[in-house]
Every structure is written in structure tokens, then in C-alpha cells.
Amino acid sequence: MSDARQFLKLDAPFRMMRGVLAQVEIAYETWGELSAAGDNAVLLFTGLSPSAHAASSPGDPSTGWWEDMVGPDKPIDTNRYFVVCVNSLGSCFGSTGPASIDPRTGEPYRLGFPTLCLEDIANAGHAVIESMGIARLHSVVGASMGGMTALAFAMLHPGAAEGVLLISSAARSLPFSIAVRSLQREIVRSDPAWSSGNYPPEEPPTVGMRLARKLGMISYRSSAEWTVRFGRERATDEPDRGAFGIDFEVESYLEAHAVRFIGTFDANCYLYLSRAMDLFDVCDHGGSLEAGLARVQAERALIIGVETDFLFPLAQQRELAEGLKATVPDLDFRVLPSIQGHDSFLVDMDRFRPAVASFF
């Protein structure tokens, strides 16, 4: 299978919020064509675990993580818009991160990688569009961690995007979500195979990653959805796992998702990206929420929240909408009654497609 990924290599030092990288490579994918005026570009930031492969393309026909949203005649219509999706700095799908080789040592960075902030990911995304000669985006878009990164982009580069679309996002992480992610990181680090971050790539801390992913899945969906979806159905196709094995379908569901995850994502990258979400705070850019959001110089914005999202509660999207009113003349706030919790933007297309399409 061909690979649609492209790479921007920056040989000059890349200054981060809390460190410096001697050189950086950012993986990204594109769809559509940039207009002659260069005014139809859309920059898309991802959540914690996806790659830059948001949608299929001739270069990579495999299904993307936002396949129903990006493409010809879809809400983010690539017949009209030039879409750029970047793989986050610090990730393990082509961009420089803890699993990448440190040119100074010839070994992976591992925990020698500088502390990662979402602002660093935002600046890496800006470097990508700058390399294409794009002076101003039609819009910057992100959901979950990607929404926080898109907000960081809009604050760090005022006026660089005409529109801002933030989905299931926040100005900062609340204690509950910090607690969940902190426990996930502790689970990974408690796996003896993690070996203080010095595990061989072929022998990752699979037990820790499997359990951390299960906890993550519990926080991504809602109790109401699982009641409807699983009830108390018993698992029928699980092998004998001893006295305390898998009895229920919901347990089988968590196990299946966890097993799929552990073979695809690097543990150190997971730790760095998870902590970056906790470190982000709009108040770091001006001393208050109002001052930080006042840096956003967009013509319009759409904020979308989900009633059943308890990882990024609806009050956090309402806070963003209220705070951005002062500087964004055309602002819309949508509350969706999706039952799938935080993951609704990935699965409840019947509600999310019309909402996103209205912005575009």
C-alpha cells in the first residue's frame, strides 16, 4: 500500500515551550487543492492517538479516522477546501517524538525528549502551513486534544485563521480528567517492562498500555450508551480466563480495544502527549482566561459540546463560547445530545456531520 504522508524537515533548532530540539520532522497529509489565492486551506489537529491519516486518498486508500467528515462532498468538502492534517509533534506516526532517533546520540530520545506542550504541537502545525506559503487559513479545526491545540494555534498566531472550530475541547483540563490521565500514566510506568522508559521497541510495556487503554475507553464513552449497547449481556466467545476472567460483553469490548491499541502506539509517546493535555492552560497566555482568549483574532468560531461527555464536560465548551464572544464577531455554540460521550465526534455522524457542515 502506498503512503500519502509528506514530511516537513526543520534543520534549524525548534524552540519548544520547555526545551529545544536540534531538528524536527513533521508528518502530514493533504486533500484537495490549494486555491490560487491560497484562501481555502483548513488545518486539522488530531486527538491524542490518531495519525495524520484523517481520510482516504489515492496515495493511501485505507479508511481514515475522520473518513465520514473529510472528503469530496462531505462536511469538510475537499472539492472546495485544501485540508492539511498534521501528526502531532511527540507522536509516533512520522513526526519527531520520544520514539524518534536523537541525532546527537543515534539512540531513541525516550525520556530525553523535552517536556511536550500543546503549544509546541500548534507551532509545528504552523510551520507546516508556512512552508506551503499559506498566510491565512480558512479555518483551524480540532476535537479533544486537537481542539485544545487548535485553540493554542489561534492564540499563538493571532489572525492566522479566519475561522476556528473547536469540538469537545476546553481551555484547560479539569481535575477529574487530569486524575484519569495521571492514573493511566502511572499504570504504564508501573509495568516492569517500561523499564524507566528504556524498553526495546520490540518489547514494549504491553500490560500497562492495555490497562491504560481500558481506563481511557471507560472515560471516552458514557454509562448511558453502555447500558443501551451492552446491558448485562454475557460474553460468549471468550476463552477460559480462570476464576476472574471475562464474563460480560462490556469487558470483552474493552479487551478488544486494548489489544488493538498496544501494537500501534509507543508508550513513551503516549505518556508525553497525555501530560501535554494536562499542562495546557489558556491562562498561561496573559494571566487569565479572558486575556488568553482575547488573543484569538478570528472572524468566526463554532464551539461544539456533547451532553454526555464527562471527560470534557459541557460547561467547558460553554466557557470557551462565552470567553470568545468578546473578540470573535460571529460565534456559534452547539450542544449535541449524543449518547456516545467524548467519542461522539468520531461515531455520531448523524449529529456531527450537519453541525460541521454548517460551519463550512
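Student: This is a predicted model, so let's start with one glycine: how does Gly59 count, buried, partly exposed or exposed?
Tutor: Buried needs under 20% relative accessible area and exposed needs over 50%. Gly59 has 26% relative accessibility, which falls in between, so Gly59 counts as partly exposed.

Student: Where does Gly59 sit, and how far is its C-alpha atom from that of Glu29?
Tutor: Gly59 lies in the loop between β5 (41–45) and β6 (70–71). Along the chain, Gly59 and Glu29 are 30 residues apart. In space, the separation of their C-alpha atoms is 9.6 Å.

Student: OK, on to the sheet. In which order do the eight strands of the open sheet come?
Tutor: The edge strands, each pairing on one side only, are β1 (6–10) and β12 (330–336). The pairing in this sheet is mixed. Going across, the order is β1-β4-β8-β5-β9-β10-β11-β12.

Student: By how much are neighbouring strands of this sheet turned against each other on average?
Tutor: The figure ignores direction. With that in mind, the average for neighbouring strands is 20°.

Student: At the β1 edge, which residue in β4 stands opposite Gln6?
Tutor: β1 and β4 (residues 24–31) run antiparallel and are joined by five bridges. Opposite Gln6 in β4 is Tyr28.

Student: Is β5 enclosed, and which residues lie on each side of it, buried or exposed?
Tutor: Five of the five residues of β5 are buried, so β5 is largely enclosed by the rest of the structure. In a regular strand, side chains alternate between the two faces of the sheet. Here Ala41, Leu43 and Phe45 are on one side, Val42 and Leu44 are on the other, and all of them are buried.

Student: Which residue in β8 is the bridge partner of Phe45, and which in β9 stands opposite Leu43?
Tutor: β5 runs parallel to β8 (residues 82–86), with five bridges between them. β5 also runs parallel to β9, here over four bridges. For Phe45 the partner in β8 is Val86, and opposite Leu43 in β9 is Val140.

Student: Leu43 keeps coming up. Which residues of the largest nonpolar core touch the most other members?
Tutor: Nonpolar side chains tend to be buried together in soluble globular proteins. Setting aside neighbours within four places in sequence, Leu43 contacts residues including Val84, Val86, Ile129, Leu137, Val140 and Phe153. In the 78-residue core, those touching the most other members are Leu43, Leu89, Leu116, Leu137, Val140, Phe153 and Val296.

Student: How many residues are in the second, separate core?
Tutor: Among its members are Val141, Ile304, Phe345 and Met349. The number of residues in that second core is 28.

Student: What about β11: which residue in β12 stands opposite Gly305?
Tutor: All seven of the seven residues of β11 are buried, so β11 is largely enclosed by the rest of the structure. On one flank, β10 pairs with β11 in the parallel sense over five bridges, and Leu165 stands opposite Leu302. β11 also pairs with β12 in the parallel sense, over seven bridges. There, opposite Gly305, is Val335.

Student: What angle does the direction of helix α11 make with that of β11?
Tutor: Helix α9 (residues 314–324) packs on the sheet against β10 (161–167), β11 (300–306) and β12, at about 165° to β11. Helix α11 (residues 349–359) packs on the sheet too, touching β9 (137–143), β10, β11 and β12. Its direction relative to β11 is about 170°.

Student: Now helix pairs. How are α3 and α7 oriented, roughly parallel or roughly antiparallel?
Tutor: The axes of α3 (residues 175–190) and α7 (residues 267–279) come within 10 Å and cross at roughly 160°. Angles over 145 degrees count as roughly antiparallel, so α3 and α7 are roughly antiparallel.

Student: And which hand does the crossing of α4 and α6 have, left-handed or right-handed?
Tutor: α4 (residues 206–220) and α6 (residues 249–262) pack at about 130°, with axes 8 Å apart, and are therefore oblique. Their contact includes Met209, Arg213 and Met217 of α4 and Leu254, Ala258 and Phe261 of α6. The α3 and α7 crossing is left-handed, whereas the α4 and α6 crossing is right-handed.

Notes
Residues are numbered from 1 along each chain as its sequence is written. This is a predicted model: local features need pLDDT of at least 70, side-chain atom pairs count only at pLDDT 80 or more; totals for chains, interfaces and linings use all residues. Side-chain values use heavy atoms; hydrogens and water are left out. A nonpolar core is a set of buried Ala, Val, Leu, Ile, Met, Phe, Trp, Tyr and Cys residues joined through side-chain atoms within 4.5 Å. Buried means under 20% relative accessible area, exposed over 50%, partly exposed in between (1.4 Å probe, protein chains only). Contact means heavy atoms within 4.5 Å. Two strands pair if DSSP finds at least two bridges between them. Helices (H or I, at least four residues) and strands (E, at least two) are DSSP runs, numbered from the N terminus. Axes are lines fitted to C-alpha atoms, for helices over the stretch in contact, and angles run from 0 to 180 degrees between N-to-C directions. Angles under 35 degrees count as roughly parallel, over 145 as roughly antiparallel, 65 to 115 as roughly perpendicular and the rest as oblique. A crossing is left-handed if the near helix is turned anticlockwise from the far one by less than a right angle, and right-handed if clockwise.
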